[in-house]
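Let's take a stroll through this protein model together. Have a look at the chain below first, then read on.

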Amino acid sequence: MVKKILSFYFLGMSLLFAQQPRESKLFNFDWKFIQEDNEEFAKANYNDANWQSLNIPHDMQINMPWDKNAKAGRGFKLNTVGWYRKTFKTQADWKGKQVLLDFDGIAIHGDVWVNGKKVGEADYGYLGFESDISELLNYEGDNVVVVRADCNTSGSRWYTGAGLYRDVHLVVRNKISVARHGLSISTPEITAQNAKVAIQVEIQGFHTEEDLTIKTEIFAPNGEKVGGSEMLAFKRTRKQTQENQLPLINISKPELWSCENPNLYRAEVSLVLNGKIVDKVSDRFGIRTLEFSPEFGFKLNGKKVFLKGNNTHHDLGALGAAAFETAMARQFDVMKQFGFNCIRAAHNPYSEAFYDLADEKGILIVDELYDKWSNKDYWIGRYPWTDSWYKHITEWIKRDRNHPSVILWSYGNEFQMREDLAGFPTSDWGVTSYKILDILAKRYDPTRKSTVGLYPSRANALKRRDKGFDDVENIVPPELASATEITSFNYQSHNYNQYLKHKPNMIVFQSEATTNDLLKPYFDMNYDKMVGLAYWGAIEYWGESNGWPKKGWNYSFFDHTLNPLPEAYLIKSVFSETPLVQIAVLEENQGEQEIWNDIAVGKKVTSAHWNREPGKAYNIFTYTNAEEVELLVNGKSIGIQKNPTDVKSKNIIAWKAVPYEAGKIEAVARNKGKEVARQVIETTGKAVALQLEVENNGDWKADGMDLQYVKVYAVDAKGLKVPTTTGEVTFKIEGAATLLAVDNGDHYSNELFNINKRQLHNGFAQAILRSKQGTGKVKLKVNVEGLKSKQINLGTK
């Protein structure tokens with residue numbers, strides 16, 4: 001996977017520090033950890049020999065015991081405090097330079113000490129920070145960095161994770177250098193023949209009368225140099241940092257960035273003083289145009305694009321909040337496979353790698369900063385929101401502004417539910433607060449529109465439980481809806497046309513759509529004139545559980561291991577043009593429904609297997625985008641049905657009381673009488689063996705960070721997967737990898753992930769392996785009592 005040049009892996013090649021003007025060393029390895037709290041741990045000479053050794057990213061909550069007395073919203077995990085320590089040596093050539101620790105985030109508050117002195121803190125753990133440790137280093141012996149991570153906050157209503165859950169880098173640079181997130185790259189003019197690239201460079205430490213040259217080179221997606229510029233930096237500045245706007249650079253016949261072709265250019269900026277390069281940084285960008293209008297919704301590169309999105313929290317199943325790139329990449333890949341083109345990053349900034357991956361894979365991002373604007377409820381910041389928002393806006397926008405995947409800034413979520421959650425006390429439902437945030441955001445990025453997610457309420461915060469909520473005269477959009485550049489409504493899609501009668505110039509995005517309503521939120525929208533939608537919780541996540549023993553949100557289309565449920569194919573039937581048909585058998589446990597945040601949520605429980613009870617009849621759905629479906633059991637037709645036209649049931653064909661017969665059930669989808677898709681489900685025999693499926697065989701990097709996902713299935717004598725199989729799976733690993741986690745997709749299980757055993761769930765289990773540093777062979781043996789064991793040999797490179 002391509003990475004920012006600014007953050008490449010450093011694997012012991014110490015001479016590079018002397019050869020390069022700036023280096024960034026991945027600081028994730030060889031930490032010590034303890035899950036206790038003692039201020040003595042911050043002392044440089046504290047003896048941590050008995051602490052646990054680990055590598056980060058690390059979520060110290062995810063493998064704590066599930067506790068039914070803990071908060072359901074936080075995933076039945078107790079809040080906790082943990083300490084991390086790392087000992088490191090300096091290098092002689094660091095003297096006279098700036099040495100910084102760069103944290104991508106600490107969940108959910110963090111404090112950092114170096115050699116016993118506090119050097120920095122994370123006050124809002126979803127954003128990063130850097131600390132200058134140059135003056136504290138010991139060049140004659142050991143140095144110790146200590147981190148205290150604390151998730152004891154009542155403000156979050158979902159699972160946050162805790163600890164050093166994102167990357168840490170050690171950065172060495174000259175004092176005259178490009179400032180943190182100091183490149184701003186935009187493309188103000190684009191035609192088929194030419195694109196103009198505008199680059200601004202923020203320089204720190206330059207206060208002399210000498211000539212400092214800013215040299216820029218642009219490289220095309222294929223690596224070829226296609227443009228550049230040179231200019232002298234501004235002098236006589238009294239600012240700590242000085243922004244330098246470079247001459248526009250012309251790119252001939254630009255390759256545009258899009259979801260289908262995510263072409264990425266690279267800008268490399270060098271600072272040259274007296275003929276010597278004193279700093280060099282690089283960042284990627286895409287050439288593309290964004291347009292929003294009430295007439296067409298959203299256009300990318302002049303073409304209509306309808307956002308087909310998912311809201312997700314940042315946890316990654318068995319890994320918790322630990323931000324592994326491989327885990328995020330497979331999530332993107334599954335989303336694209338099922339036709340999703342957008343993720344709303346609810347309700348906080350994600351790791352830097354998340355946006356790099358979105359750029360690479362062509363996923364559009366609605367980038368969100370906060371849940372609410374509050375100094376009390378729903379606020380997880382260490383300091384009051386009114387005292388710290390401007391720092392967060394600045395870090396967030398400057399960090400993410402060069403990503404072509406980011407198409408919209410969202411400053412928060414669920415506004416117009418309570419006046420005290422709307423920021424400054426201006427009695428206008430947050431209109432003034434939004435405008436203040438927007439002014440600062442546009443100071444650093446004037447190229448994108450902005451929005452906030454609106455609670456499913458009417459004007460004057462009229463809510464579902466209030467009298468007259470559904471009276472036509474009260475179906476009036478919230479006041480804040482008229483102030484935002486893009487109007488993002490959570491739910492209530494059937495009201496949007498009525499809202500537009502009051503405010504016809506609103507540009508409408510359905511920022512949250514309920515999975516309970518399946519395709520109705522999609523068909524409720526005016527495809528031609530609206531921006532799109534994002535389902536809430538299409539992938540299971542921890543926290544926001546509605547009761548023990550369920551560990552989180554599971555009104556979803558994919559379980560937390562990313563296995564698709566039958567309804568995922570229903571969504572694919574409208575998100576993709578590929579003809580499909582999917583059989584979904586309704587289980588006897590028909591699911592649940594409840595009111596959550598004024599919205600009806602829930603799901604029917606379905607599965608896609610034909611191992612059923614003889615003598616019983618089953619209700620079946622076939623999900624399809626074809627005109628009609630014929631259902632057959634053992635070759636005998638049950639009938640042919642047309643695809644419904646009503647938005648509540650379109651693409652869903654119901655078959656009532658289908659008698660079970662062992663054998664095959666198949667669905668044949670046709671357009672104009674011609675078969676376009678078919679699915680066959682077969683009754684299996686008894687499980688006799690295990691089948692292992694490796695996700696990225698042959699492309700497993702030996703960098704200590706890459707993951708390998710191995711799926712385990714129970715199969716019968718014909719090799720068919722047997723989803724009714726139970727039993728405990730045991731994993732044994734040898735060689736150049738560690739067993740990071742085991743899982744099975746069961747959201748109700750009390751098992752933990754950091755052991756080598758897991759119950760089969762629906763005949764399935766999963767192992768997540770983490771490579772070690774250094775190439776080598778890996779042997780994984782998997783065993784279930786009563787089944788033939790299985791072993792695979794892998795390798796890292």
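Two strands pair if DSSP finds at least two bridges between them. Helices (H or I, at least four residues) and strands (E, at least two) are themselves DSSP runs, numbered from the N terminus. With that in hand, start at strand S33 (residues 581–586): two bridges join S33 to S36, and these strands run antiparallel. One partnership to look for is Leu-586 with Thr-606, its bridge partner in S36.

A word on ground rules: this is a predicted model, in which local features need pLDDT of at least 70, side-chain atom pairs count only at pLDDT 80 or more, and totals for chains, interfaces and linings use all residues. Residues are numbered from 1 along each chain as its sequence is written, and side-chain values use heavy atoms, with hydrogens and water left out.

**The whole chain**

Zooming out, the protein chain has eight helices and 50 strands. Its C-alpha atoms fill a box of roughly 90 × 65 × 55 Å along the principal axes. The radius of gyration is 27 Å, which agrees with the value near 28 Å that a compact globule of 797 residues would have. That radius is taken over C-alpha atoms, and the globule rule is 2.2 Å times the number of residues to the power 0.38.

**Two open sheets**

Back to S33. This strand belongs to an open sheet of four strands in the order S36-S33-S37-S40, with antiparallel pairing. Strand S36 (606–607) and strand S40 (652–659) are the edges, each pairing on one side only. Helix H8 (residues 566–575) lies across S33, S36, strand S37 (617–624) and S40, running at about 145° to S33. Angles here run from 0 to 180 degrees between N-to-C directions, and axes are lines fitted to C-alpha atoms, for helices over the stretch in contact.

Another open sheet of four strands follows the order S39-S38-S41-S42, with antiparallel pairing. Its edge strands are S39 (636–642) and S42 (674–682), each of which pairs on one side only. On average, neighbouring strands in this sheet are turned by 15° against each other, direction ignored. Strand S38 (residues 628–633) and S39 pair in the antiparallel sense over six bridges; in S39, Gln-641 is the bridge partner of Val-629.

**A helix pair**

Now find helix H4 (residues 385–400) and helix H5 (residues 431–444), which pack at an angle of about 30° with their axes 9 Å apart. That makes H4 roughly parallel to H5, the term for angles under 35 degrees. Who touches whom? Contact means heavy atoms within 4.5 Å. On the H4 side there are Trp-385, Trp-389, Tyr-390, Ile-393, Thr-394, Ile-397 and Lys-398, and they meet Ile-436, Leu-437, Leu-440, Ala-441 and Tyr-444 in H5.

**Backbone oddities**

A few loop spots have backbone angles to check out.

| Spot | Angle | Loop |
|---|---|---|
| Ala-107 to Ile-108, cis peptide bond | omega near -5° | Ile-108: between strand S5 (98–103) and strand S6 (109–114) |
| Ala-346 to His-347, cis peptide bond | omega near -15° | His-347: between strand S23 (342–345) and helix H3 (352–361) |
| Tyr-378, not a glycine | positive phi of about 65° | Tyr-378: between strand S24 (364–368) and H4 |

Tyr-378 brings us back to H4, as its loop runs between S24 and that helix.

How values were computed: Parallel < 35°, antiparallel > 145°, perpendicular 65-115°, else oblique.
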